[in-house]
Amino acid sequence: MKIKLPLLSALAATALSMGVALPSLAETGILSGVQPGSRINVRSQPTTESYSPHYGLVGDRIEIIKEARGHDGRTWYYVRFPSGAEGWVRGDFVTVPVSYPGYPGYPGYPGSPDYPENPGHGRERTVVVFQTNTYSVKVFRHRGRLYMNVYNKRTDSQELNWARAEAVTSARGTNYYSGNRRYGYNVFRGSNGRYVIEVRYQGRLVARERGYQVW
């Protein structure tokens, strides 16, 4: 993350002057975008018209402090970088990975009854597994239900983990859909026989990659 001007101490006060009453989120996230390493503006207020005293790079890890609805109708996040720098980032450039919450009893958490490596756990059947330049993708069934895992190799984050999925079959083939509260994932077989993953944010396509390895 690159500092452009020493205005970081004024950012929090600027946000409060907007009169935005927001709950604290305290979640870990990642700056996301189509091009790895590209710059993302970090602004003094939740609007593209405000000054950008510094910027982050796609893949930077951040702490999400709070969120607001901007005048543009979009969600904005007030974030903190490991360096201590803070500011507003538009929501479509922020990803909150889905991962184990870190406590026993969570579905799929190691040690819980639902974790697949535990003795006596029902057998898992793989439906689709493939790799792209960015993602490792797995669609599988367990106890009759369909799930999807998506791992982002560039940001080293598990974006989907044992996320419930849906299969929709048409004359063109079968599409597998899943997602989290911000992003949707669509997996299907392309015309060349290779699988494709599409990632959308609020219906807008932000990534589309063909698989280079199919089992």
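This report describes the strands, cores and salt bridges of one protein chain in a predicted model.

## Overall composition

The protein chain contains one helix and 18 strands. Of its 215 residues, 44% count as buried. Among contacts in the chain with a separation of 6 or more, 44% are accounted for by residues 24 or more positions apart. The chain exposes about 11600 Å², and carbon and sulfur atoms supply 48% of that area.

## An open sheet of five strands

One open sheet has five strands in the order β13-β14-β15-β16-β17, and their pairing is antiparallel. Strands β13 (166–170) and β17 (204–210) stand at the edges; each has a single partner strand, so one side of each is left without a neighbour in the sheet. Neighbouring strands of this sheet are turned against each other by 20 degrees on average, direction ignored.

At one of these edges, β13 runs antiparallel to β14 (residues 173–179), and five bridges join the two strands. Within this pair, Ser 170 stands opposite Gly 173 of β14.

A general point about strands helps in reading the model. In a regular strand the side chains alternate between the two faces of the sheet.

## The nonpolar cores

The largest nonpolar core has 21 residues, of which Met 148, Tyr 185, Val 187, Ile 197 and Val 199 touch the most other members. Several strands each supply at least two residues of this core: β9 (124–131), β10 (135–142), β11 (145–152), β12 (157–164), β15 (183–189), β16 (195–201) and β17. Strand β16 gives the most, with four residues.

Ile 197 illustrates these contacts in detail. When residues up to four places away in sequence are not counted, Ile 197 touches Phe 130, Thr 132, Tyr 135, Val 137, Val 150, Tyr 185, Asn 186, Val 187, Ala 207, Arg 208 and Glu 209. A second, separate core has 12 residues, including Ile 40, Val 42, Val 58 and Ala 85.

## Strand β6 and its two partners

Strand β6 is mostly covered, as five of its six residues are buried. On one side of the pairing scheme, six bridges join β6 to β5, and the two strands run antiparallel. In this pair, Lys 66 stands opposite Tyr 78 of β6. The two strands form a hairpin with five residues between them, and Gly 73 in the turn has a positive phi of about 85 degrees.

Strand β6 also runs antiparallel to β7 (residues 86–90), to which five bridges join it. Here the bridge partner of Val 79 is Gly 87 in β7. The hairpin of β6 and β7 likewise has five residues between the strands, and Gly 84 takes a positive phi near 100 degrees.

## Salt bridges

Side chains of opposite charge can pair when their charged atoms come close. The count for this model comes to four salt bridges. The table gives three of them, with the N to O distance for each.

| Residue | Partner | N to O distance |
|---|---|---|
| Glu 63 | Arg 80 | 3.1 Å |
| Glu 86 | Arg 80 | 2.6 Å |
| Arg 200 | Glu 198 | 3.7 Å |

Salt bridges that share partners join Glu 63, Arg 80 and Glu 86 into one network. Within it, the pair of Glu 63 and Arg 80 links distant parts of the chain: Glu 63 lies in strand β5 (residues 61–69) and Arg 80 in strand β6 (residues 75–80), 17 residues apart.

How exposed or buried are the members of these pairs? Glu 63 is partly exposed, with a relative accessible area of 31%, and Arg 80 counts as partly exposed at 28% relative accessibility. Glu 86, by contrast, counts as buried at 16%, because buried means under 20% relative accessible area. In the remaining pair of the table, Arg 200 is partly exposed at 33% relative accessibility, whereas Glu 198 is buried, with a relative accessible area of 10%.

## Two residues with positive phi

Positive phi values also occur in residues other than glycine, among them Asp 156 and Trp 162. Phi of Asp 156 is near 55 degrees, and this residue is found in the loop between β11 and β12. Phi of Trp 162 is near 50 degrees, but Trp 162 has its place in strand β12. At 15% relative accessibility, Trp 162 counts as buried.

Terms used
Residues are numbered from 1 along each chain as its sequence is written. This is a predicted model: local features need pLDDT of at least 70, side-chain atom pairs count only at pLDDT 80 or more; totals for chains, interfaces and linings use all residues. Side-chain values use heavy atoms; hydrogens and water are left out. Two strands pair if DSSP finds at least two bridges between them. Axes are lines fitted to C-alpha atoms, for helices over the stretch in contact, and angles run from 0 to 180 degrees between N-to-C directions. A nonpolar core is a set of buried Ala, Val, Leu, Ile, Met, Phe, Trp, Tyr and Cys residues joined through side-chain atoms within 4.5 Å. Buried means under 20% relative accessible area, exposed over 50%, partly exposed in between (1.4 Å probe, protein chains only). Contact means heavy atoms within 4.5 Å. Accessible areas come from the Shrake-Rupley method with a 1.4 Å probe; for residues, only the protein chains shown count as cover. A salt bridge is a side-chain nitrogen of Lys or Arg within 4 Å of a carboxyl oxygen of Asp or Glu.
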